[in-house]
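Here is a colleague's note to read alongside the structure. Keep the 3D view open and look for each item as you go.

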Amino acid sequence: MKAKVLKVDYLARVEGEGGLYVKIRNNSVSEVKLNIFEPPRFFEAFLRGRRFDEAPDITARICGICPVAYQMSAVHAMEDAFGIKVAGQLRSLRRLIYCGEWIESHALHVYMLHAPDFLGFPDAIQMARDHADVVQRGLRLKKAGNEIVRLVGGREIHPINVRVGGFYKVPTQRELAPLAEQLKWARDAALETVRWVARLPFPEFTQDYLFVALRHPEEYPFNEGRLVSNRGLDIAIADYDSYFLEEHVQHSNALHSTLKNAGAYFVGPLARYSLNFDRLPPSVQQAAKEAGLDSVCRNPFQSIIVRSLEILYACEEALRIIEQYEPPPAKAELQPRAGTGYGCTEAPRGILYHRYKVGEDGAILDAKIVPPTSQNQKAIELDIADFVRKYLALPSDELQWKCEQAIRNYDPCISCATHFLKLELDNEG
Amino acid sequence: MDDCGIVSRTSPKPGLVARDLCVMANQAVLVIGVGTRYRKDDAAGLTVAEGLRTRLSAEVTLVEHEGEGVALMERLQGWQAAILIDAMSSGARRGTIRRFEAKTHPLPAAIFRHSSHALSVADAIELGRALERLPQHLVVFGIEGGDFGAGMPLSPEVESSVPEVVRRVLEEIRTIQEGPQ
């Protein structure tokens, strides 16, 4: 009987903290448990009794990497409750700030968190010593995203300019002009990034995922659309709770999400891309083809290519929005009323669902927040189980590294969803 | 508006941005309180920043930062002198204060692990060192935390160390501004 134990006390290069336990008996994987701690539960309680207009700023505090996603899901849910729709240039500005968040979040992951795995470095610091120019390009790309968030959101981290109905203040054309200059550089750098990551070595590993993402009639999705899957799901955001379940599992503080009657599903760049390839502009589709990708990508290790393609898309989309921009009134008229509102937007890591019940006086009576990393927990566990099964013959340290890399494929935002990630591979025969 | 919520910024000339300050005055000092507001003792650095808010001279820029490593490294870039305050987890008694000369010695990474981010404060400093972006003078004050769970406020032992760290940061600023004796 062969025994194998893989254990990592602290999983590096993920956002936040959590744990993974893998049990191997008789050369087969008998148990995989991802164990994460989930602040959104604390925030759901914290929101009760607060005014509706505090939700965007309070929920933005859940995550320093994707505050815009929390703000966007919150404002759309509130606007849904009040029966208003933000359109025109205000809507475009929301797409613009989301472009900024995708660029900064994806650039951070591609260059600083994921690339070291493929190049054999333990971390970005070691990589920076040998590839300073590459790291500098990644940092400058990230900065281009930060600048969008700073300008439209009022500041880079925890932006304060977003409100239900629109913004507190909208930028002038002149204020946006310098962004366009940086974005032209960033667009070229993003294309170089796609070409660079396409050359990395990828393990042979494809999965038959159930992808779930937003789909919009015309656009690659940020804020709006229907929830669709590659197996026929096509529902309004308001029907989320009728189709998706959250269940408590003993080994995790975070609730596990499943699609009713279907089980684990996958959200994030791979799902978005595979369900919306036809919504990407020809230039990005072309870059994908040159990078060796089809219109569907099922190898999670290649998510680094898909993230790079999404950076390219976000740069192009941001430039398009800036070129067509004319300052609108900062806020649509709205009248709070009692009701329930639903919002789901595409955070860098996948769909982020918010639901609020609001009273007559505009106070929040109930809140529900489902972050993308919680939804991916089961998919991560299945990936690890299948990966370990396939590569069990690898030496333990290499297998452990690959397992960590397999988790990092998801860019798990554990500050949204977890506490200390420890990886433990237990193989005692 | 700055990147991470500057809570006090005064400049000697109207129109100057924070980055210009470090170019025009040797004594310009950046003070960064690092932490997460809703993670109990992790807010120690932010609480020290609050205590400093009304007590700083015009040359000092005070920033609250939630600790994402890359953003933090970029925030430090271009300054000649910076002081950083963060919660730590070394196994010492809660509220214990430690001072580190981060320019000359790497921070003990394991005790500044209480970042909710992929790159911690220690990583930010090492990344800055690898890319030659660190300030000439960089001091880090660590305050030992005990409870980093979701919620507020600080533990009483950590809270009671805050005035002492405020005092030591002010003393550090004076030393930097007076220059080597």
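1. Let's begin with the surface of chain B. Its accessible surface comes to about 7,100 Å², and carbon and sulfur atoms account for 49% of that area. Please keep in mind that this is a predicted model, so treat each value as computed from the prediction.

2. Now look inside the chain. Of the 181 residues in chain B, 60% are buried. Contacts also reach across the sequence: among those in chain B with a separation of 6 or more, 78% link residues that are 24 or more positions apart.

3. Next, try tracing the fold. How many helices and strands does chain B have? There are 5 helices and 6 strands. If you follow the sequence from start to end, they appear in the pattern β-α-β-α-β-α-β-β-α-β-α.

4. Strand E4 of chain B, residues 81-88, is a good place to pause. Is this strand mostly covered or mostly open? It is mostly covered, with 8 of its 8 residues buried.

5. To picture the two sides of a strand, remember a general rule: in a regular strand, side chains alternate between the two faces of the sheet. On one side of E4(B) you will find Ala81(B), Ile83(B), Ile85(B) and Ala87(B). The other side carries Ala82(B), Leu84(B), Asp86(B) and Met88(B). Both faces are covered, and all of these residues are buried.

6. Which strands pair with E4(B)? One of them is strand E2 of chain B, residues 29-34, which pairs with E4(B) in the parallel sense over 4 bridges. Within this pairing, Ile32(B) has Leu84(B) as its bridge partner. Strand E6 of chain B, residues 137-144, also runs parallel to E4(B), and 8 bridges join the two. Here you can pick out Ile85(B), whose bridge partner in E6(B) is Phe141(B).

7. Finally, let's check the cysteines. How many disulfides does the structure hold over all chains? The count is 0. Why is Cys99(A) not bonded to another cysteine? The closest cysteine sulfur, in Cys315(A), is 8.3 Å from the sulfur of Cys99(A), which is too far for a bond. Cys297(A) is in no disulfide either, and its nearest cysteine sulfur, that of Cys403(A), is 20 Å away.

8. Are these two cysteines buried or exposed? Cys99(A) counts as buried because its relative accessibility is 0%. Cys297(A) also counts as buried, at 3% relative accessibility.

Definitions and conventions:
Residues are numbered from 1 along each chain as its sequence is written. Chains are lettered from A and ligands numbered from 1 in the order in which they are written. This is a predicted model: local features need pLDDT of at least 70, side-chain atom pairs count only at pLDDT 80 or more; totals for chains, interfaces and linings use all residues. Side-chain values use heavy atoms; hydrogens and water are left out. Buried means under 20% relative accessible area, exposed over 50%, partly exposed in between (1.4 Å probe, protein chains only). Contact means heavy atoms within 4.5 Å. Accessible areas come from the Shrake-Rupley method with a 1.4 Å probe; for residues, only the protein chains shown count as cover. A disulfide is a pair of cysteine sulfur atoms within 2.5 Å. Two strands pair if DSSP finds at least two bridges between them.
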